[in-house]
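Visitor: I'd like a close look at one part of this model, please. Could you pick a helix pairing and walk me through what sits around it?

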Amino acid sequence: MSKIIVIKNNKGGVGKSWITLQLAHGLQHVSEKKVLVVTSDNQNNILEFSGMEKTISTSGLEKWLKTGTGDLIRLRENLYYIPLKVSHLNLTSKDKLEKLFEAFKEDYEYILIDSTPVIGIDKYFVDLADEFIIPGWADKVTINSITSLLEQVEIRKIKSVIINKWTKTAKEKEYYKGLKEVLDPHEILLTAPISQSATVGKLIDEGKTIWESNSKKVKDIQASFVEVIGEIL
Ligand SMILES: Nc1ncnc2c1ncn2[C@@H]1O[C@H](COP(=O)(O)OP(=O)(O)OP(=O)(O)O)[C@@H](O)[C@H]1O
Ligand SMILES: [Mg+2]
């Protein structure tokens, strides 16, 4: 059965968009099924992360909602992206969004939603979610935003928390340990942290995903994503 997975954290810049793309590409590889990425954020960073021209899109999700069709950008084999052009989706009815996503579910096995840090804008997407993945940093503000998310969404829907941009400081280790203690009773996977890495920066510059790299440094990152994919499959 198809699933809608929302990658969510109300904190900006933690790696939501980058992680969404890595997960989507990884899921496509492992499952060999069709994967769709949708965004509630009109920065459309996923286009840059996958090496696509950002100017490519003319009509995104807003048009799909109005007419049932619109831009569909092929990122990789069996991996597609629907951009968002407007800053605020004018959702007059939740029904329309639900119907659209029901139609997507017929065509795609996994639908990943890259969310915006602006609270409220993606409320409708949160309601649609079958599962959540929560990226974050191991610092006080981000950990607080993760723990508050645990209260805002159905906890059984949270499949994994991914700590990103790890720099191995003593403070980060302390927050990571604390977070693990919060998540373990709920059996939520906390992956090995993903380092803040120049190799990732280079991949992003080249418009490549971690699955398109043979670098030894990327192997550890791939391993963390494989664990998350295991929770989703
Ligand atoms: N592990 C990493 N190592 C190095 N750079 C990273 C890593 N993860 C993400 N980045 C970079 O950090 C920046 C923020 O990532 P990203 O845009 O995915 O965050 P976001 O949570 O989607 O941000 P926003 O809240 O603005 O939507 C990007 O420029 C990305 O290239
Ligand atoms: Mg983003």
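Guide: Here is a walk through one pair of helices and their surroundings. Bear in mind that this is a predicted model. The pair is H1 and H9, whose axes come within 10 Å and cross at roughly 65°. Angles of 65 to 115 degrees count as roughly perpendicular, so that is how H1 and H9 sit relative to each other. As for handedness, H1 passes H9 in a right-handed crossing.

Now for who touches whom. On the H1 side you'll find Gln 22, Leu 23, Gly 26, Leu 27 and Val 30, and they meet Phe 225, Val 228, Ile 229 and Ile 232 of H9. Sorted by class, that contact has seven nonpolar residues and two polar ones, with no charged residues.

Stay with H9 for a moment, which covers residues 216-232 and includes Ala 223. Ala 223 has 11 other C-beta atoms within 10 Å, and because 12 or fewer counts as exposed, that is what Ala 223 is. Thr 191 lies 32 residues away from Ala 223 in sequence, yet their C-alpha atoms are 9.1 Å apart in space.

Back to H1, which has a second role in this picture, around ligand 1. There are 19 residues around ligand 1, and those that come nearest are Gly 12, Lys 16, Ser 17, Trp 18 and Val 200. Helix H1 (16-31) and helix H8 (198-206) are the elements that give two or more residues to this shell. By class, the shell around ligand 1 has ten polar, six nonpolar and three charged residues.

Conventions
Residues numbered from 1 in each chain as written. Chains lettered and ligands numbered in written order. Predicted model: local features only at pLDDT ≥ 70, side-chain atom pairs only at ≥ 80, totals over all residues. Helix = DSSP H or I, 4+ residues; strand = E, 2+ residues; numbered from the N terminus. Buried ≥ 20, exposed ≤ 12 C-beta atoms within 10 Å, placed from the backbone. Near = placed C-beta within 6 Å. Nonpolar A, V, L, I, M, F, W, Y, C, P; charged D, E, K, R; others polar. Axes fitted to C-alpha atoms, helices over the stretch in contact; angles between N-to-C directions. Parallel < 35°, antiparallel > 145°, perpendicular 65-115°, else oblique. Left-handed = near helix turned anticlockwise from the far one by under 90°. Contact = placed C-beta atoms within 7 Å.
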